[in-house]
Amino acid sequence: MSKHTDPAAGENGENTTHFGFRDVPESQKASMVREVFDTVASKYDLMNDLMSGGIHRLWKDTFINELKPRPGMKLLDVAGGTGDIAFRFLKNGGGSVTVCDINYEMLHVGRDRAADHGILKNINWTVGDAQKLPLPDHSVDAYTIAFGIRNVTRIEEALSEAFRVLRPGGKFQCLEFSKVVVPGFDKLYDTYSFKLLPEIGRFIAGNREAYQYLAESIRKFPDQETFASMIRAAGFERVKYRNLSGGIAAIHSGWRV
């Protein structure tokens, strides 16, 4: 994630980062992102349906299939407040999961959904920052984050924390919107993202600005190769990625050896 020192952006030349296409002081981004997700928490599934054309459900199924849950596996799912990944993990034979999200409203939605589906065992919910996880070193077998890492202020710190909490032999796996690799399709996707999506968000969710930010945040996220390099720099080995739907999204993975 690009960041720079800009004396005009914050007091005492505070480092800035992007919030969509805007540069903002690093100290303000987390609260700004939290406000966005406070407003869309109750419509999170609808939000992802709009942003992916409903295909995010298939992407998440593929994501879990690649993780290969097994009995006894301990998963930390970061930025997974509504439980989409956690529920799939448990349904597919995973052992136990801790869902960690910085946004209480998202966790509230997830807990309600878990209760509605009778998912009461082997799942814990905790408020926490991806950049400073409330877990001890070497405490989980797998770390997942789906559609959350692009909203982190300092991605490098989140990756370092993922490495810290994983046991040797543990797997890091990330699902995120990425760079379209199909010639011509990128222009069509841009038109949808920047012209149609914010208006749909205004009509359905009553919040055009939140959907505008979400579209912009996708474009500011590093491309597949750049993000893979960042994962390697955090210490992970056997790093690879898999494009989904022509690069609209990608699954990145790596191992703590």
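Where is the place of arginine 238? Arginine 238 sits in strand 9, which covers residues 237-244, and it has a positive phi of about 50 degrees although it is not a glycine. With a relative accessible area of 60%, arginine 238 is exposed, because exposed means over 50%. The structure in which this residue is described is a predicted model, and every value in this report is computed from it.

**Overall organisation**

The secondary structure of the chain comes to nine helices and 10 strands. Of its 257 residues, 52% count as buried, and among contacts between residues at least 6 apart in sequence, 66% join residues at least 24 apart.

**Backbone angles and four individual residues**

Most residues other than glycine have a negative phi. Besides arginine 238, lysine 68 departs from that tendency, since its phi is near 60 degrees, a positive value in a residue other than glycine. Lysine 68 lies in the loop between helix 3 and strand 4 (74-78), and its relative accessible area of 58% makes it exposed. A positive phi is also found at glycine 93, which follows helix 4 and has a value near 100 degrees.

The table sets lysine 68 and arginine 238 beside two further residues, glutamine 173 and asparagine 122.

| Residue | Place | Relative accessibility | Class |
|---|---|---|---|
| Lysine 68 | loop between helix 3 and strand 4 (74-78) | 58% | exposed |
| Asparagine 122 | loop between helix 5 (104-116) and strand 6 (123-127) | 48% | partly exposed |
| Glutamine 173 | strand 8 (residues 166-177) | 0% | buried |
| Arginine 238 | strand 9 (residues 237-244) | 60% | exposed |

Glutamine 173, within strand 8, is in contact with Phe63, Glu66, Leu67, Tyr143, Thr144, Ile145, Ile251, His252 and Ser253, once its neighbours within four places in sequence are left aside. Its relative accessibility is 0%, and glutamine 173 therefore counts as buried.

Asparagine 122, by contrast, is partly exposed, and under the condition that neighbours within four places in sequence are left aside, its contacts are Leu90, Gly95, Ser96 and Val97. Asparagine 122 and lysine 74 are 48 residues apart in sequence, while their C-alpha atoms are 9.4 Å apart in space.

**Nonpolar cores and the helices**

In soluble globular proteins, nonpolar side chains tend to be buried together. The largest nonpolar core here has 39 residues, of which Trp59, Phe89, Val97, Ile123 and Leu175 touch the most other members. Helix 8 gives the most to this core, with six residues. A second, separate core of 26 residues includes Val78, Cys100, Phe172 and Ala228.

Valine 97, one of the residues named for the largest core, touches Leu75, Asp77, Ala86, Phe89, Leu90, Asn122, Ile123 and Asn124, not counting residues up to four places away in sequence.

Helix 8 comprises 13 residues, 208-220, which at 1.5 Å a residue should span 18 Å, because the expected span is taken over one less than the number of residues; the end C-alpha atoms are 19 Å apart, which agrees. The buried residues of helix 8 are Ala210, Tyr211, Gln212, Tyr213, Leu214, Ala215, Glu216, Ser217 and Ile218.

Helix 4 is mostly covered, with seven of its eight residues buried. Those buried residues are Asp84, Ile85, Ala86, Phe87, Arg88, Phe89 and Leu90, a list that includes charged as well as nonpolar side chains.

**Pocket and cavity**

Rolling a probe the size of a water molecule over the atoms shows where empty space is left. The second largest pocket has a volume of about 270 Å³ and is lined by 14 residues, of which Asp61, Asp84, Phe87, Arg88 and Lys91 lie nearest its centre. Helix 3 (56-67) and helix 4 (84-91) each supply at least two residues of this lining, and the largest share, five residues, comes from helix 3. By type, the lining of the second largest pocket divides into three nonpolar, four polar and seven charged residues.

A search of the whole structure finds one cavity of 30 Å³ or more. The largest cavity has a volume of about 60 Å³, and its lining divides into six nonpolar, three polar and three charged residues. The residues that line the largest cavity are Tyr44, Lys60, Asp77, Ala79, Gly80, Gly81, Thr82, Asp84, Ile85, Met106, Ala146 and Phe147. Asp84 thus appears both in this lining and among the residues nearest the centre of the second largest pocket.

Definitions and conventions: Residues are numbered from 1 along each chain as its sequence is written. This is a predicted model: local features need pLDDT of at least 70, side-chain atom pairs count only at pLDDT 80 or more; totals for chains, interfaces and linings use all residues. Side-chain values use heavy atoms; hydrogens and water are left out. On a 1 Å grid over the protein atoms alone, a cavity is a set of points where a 1.4 Å probe fits but cannot get out, and a pocket is an open set with protein on both sides within 12 Å along at least five of seven lines; lining residues have an atom within 4 Å of a point. Grid points are joined across faces, edges and corners, and a volume is the space filled by probe spheres set on the points. Helices (H or I, at least four residues) and strands (E, at least two) are DSSP runs, numbered from the N terminus. Buried means under 20% relative accessible area, exposed over 50%, partly exposed in between (1.4 Å probe, protein chains only). A nonpolar core is a set of buried Ala, Val, Leu, Ile, Met, Phe, Trp, Tyr and Cys residues joined through side-chain atoms within 4.5 Å. Contact means heavy atoms within 4.5 Å.
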